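Visitor: Before we begin, could you take me through the reasoning behind the labels that are used for a model of this kind?
Guide: Gladly; here is the model, and we can take the labels in turn.

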Amino acid sequence: MTAQHHPAAELPLIGDFSTAGPVLTGARIGVVTFPGTLDDRDAARAVRLAGGEAVALWHAEVEGARALSSLDAVIIPGGFSYGDYLRAGAIARFAPLMDAVIDGARGGLPVLGICNGFQILTESHLLPGAMIKNEHLKFLCTDQVLRVENNATAWTRDFATGEEITVPLKNQDGQYVADEKTLDELEGEGRVAFRYVGVNPNGSRRDIAGITNAAGNVVGLMPHPEHAVEPGFGPDSPAGMRLGTDGLGVFTSVLASLAGGTAGQTAGGSK
């Protein structure tokens, strides 16, 4: 007899860090899939490694409010939703589920947008500014050092302000742009969540890699923390090749925030 592969089978969690900090037992984190999404399974695995329960969400869910009613947070992962036609994230913003995500975010639901998810959050006006093509007009894939500028958001509380982390970066529409007034407001209100260190890979204004809304429950960033959560599969680190797990803190942060009842509070960040 030949062995059959079960499509729903999961690889064992090699680096289970679910006991690394305060854990909200039974926390359910929705992960949205659009046509063209690439990193939904990676994001779901990161949630499980952090100690949460990942719940698949389909973009065309017309009863989005009901689908989100039992969830504690939502992740919009990376990829090329709808092939990035028109603009990256422009069509996905009008998917039926997004109405519920937007309403939930405005009501305090923690929402994380990674890469294409960040683009969708700007198109949804949950975060200011816009994402355009990299200034060198090429797709880029590299490990990238980031500095955590604000550790008072629902998705960054397990980091220290000023801490430098390394996570993969892969995009072609990764240049963050906004007018000077908006950039000054982001800086003045402590709403830059992550900043590029060493090199600005895509021309983003003021080296901005990720931002938060004023309440601190919505965060978007271009690099991919979900690709740096498991030893053997992440960036190189001082501990050895491919052993970097710096991205896991993003996912343990939201569980700790939910457990502590701090998700959705003002995100001024410590200076």
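Visitor: Why does Leu 86 count as exposed?
Guide: This is a predicted model, and every value I quote is computed from it. Leu 86 has a relative accessibility of 75%, and since exposed means over 50%, Leu 86 counts as exposed. The residue sits in the loop between strand 3 (73-76) and helix 3 (96-106).

Visitor: What is the phi of Leu 86?
Guide: Leu 86 has a positive phi of about 65°, although it is not a glycine. Asp 207, also not a glycine, has a positive phi of about 60°, and its place is in the loop between strand 9 (192-196) and strand 10 (208-212). Just after helix 3, Gly 108 takes a positive phi of about 110°.

Visitor: Why is Asp 207 called partly exposed?
Guide: The relative accessibility of Asp 207 is 32%, and partly exposed covers the range between the 20% limit for buried and the 50% limit for exposed, so Asp 207 counts as partly exposed. The argument for Glu 53, in strand 2 (53-58), runs in a similar way: at 38% relative accessibility, Glu 53 counts as partly exposed. Glu 53 and Gly 30 are 23 residues apart in sequence, with 8.4 Å between their C-alpha atoms.

Visitor: How do you know that Arg 195 counts as buried?
Guide: Arg 195 has 13% relative accessibility, and because buried means under 20%, Arg 195 counts as buried. Arg 195 lies in strand 9, and its C-alpha is 4.8 Å from that of Ala 209, the two being 14 residues apart in sequence.

Visitor: What makes Ser 124 buried?
Guide: Its relative accessible area is 2%, which is under the 20% limit, and therefore Ser 124 is buried. Ser 124 is found in the loop between helix 4 (116-123) and strand 5 (130-132), and lies 8.3 Å from Ala 90, C-alpha to C-alpha, with their positions 34 residues apart in sequence.

Visitor: Which residues of helix 3 are buried?
Guide: They are Leu 97, Met 98, Ala 100, Val 101, Ile 102 and Ala 105. As a general point, an α-helix has 3.6 residues a turn, so residues three or four places apart point the same way.

Visitor: Why is helix 1 called oblique to helix 6?
Guide: The axes of helix 1 and helix 6 (residues 248-260) come within 9 Å and cross at roughly 60°. Angles under 35 degrees would count as roughly parallel and those from 65 to 115 as roughly perpendicular, and the crossing falls in neither range, which makes helix 1 oblique to helix 6. Helix 1 passes helix 6 in a right-handed crossing.

Visitor: How do you know that Ala 50 is buried?
Guide: Ala 50, a residue of helix 1, has a relative accessible area of 3%; the limit for buried is under 20%, and so Ala 50 is buried. Ala 50 and Val 254 are 204 residues apart in sequence and 9.4 Å apart in space, C-alpha to C-alpha.

Visitor: What lines the largest cavity?
Guide: Ala 50 and Val 254 are both in its lining, together with Ile 29, Val 47, Gly 52, Ile 75, Trp 155, Phe 251 and Leu 255. The structure holds one cavity of 30 Å³ or more, and about 30 Å³ of space lies in the largest cavity. Helix 1 and helix 6 each supply at least two residues of the lining, with helix 6 giving the most, three residues.

Visitor: How does the lining of the largest cavity divide by class?
Guide: The lining has eight nonpolar, one polar and no charged residues. Gly counts as polar under the convention used here, and Gly 52 is among the lining residues.

Visitor: What can be said about the lining of the second largest pocket?
Guide: The second largest pocket, with a volume of about 200 Å³, is lined by 10 residues, of which Val 31, Asp 40, Arg 41, Ala 44 and Ala 56 lie nearest its centre. Strand 1 (28-33), helix 1 (40-50) and strand 2 (53-58) are the elements that give two or more residues to this lining, and the largest share, four residues, comes from helix 1. By class, the lining divides into five nonpolar, one polar and four charged residues.

How values were computed
Residues numbered from 1 in each chain as written. Predicted model: local features only at pLDDT ≥ 70, side-chain atom pairs only at ≥ 80, totals over all residues. Heavy atoms only, no water. Buried < 20%, exposed > 50% of the residue type's maximum accessible area, 1.4 Å probe, protein only. 1 Å grid on protein atoms, 1.4 Å probe; cavity = no way out; pocket = protein on both sides within 12 Å on 5 of 7 lines; lining within 4 Å. Points joined across faces, edges and corners; volume = space filled by probe spheres on them. Axes fitted to C-alpha atoms, helices over the stretch in contact; angles between N-to-C directions. Parallel < 35°, antiparallel > 145°, perpendicular 65-115°, else oblique. Left-handed = near helix turned anticlockwise from the far one by under 90°.
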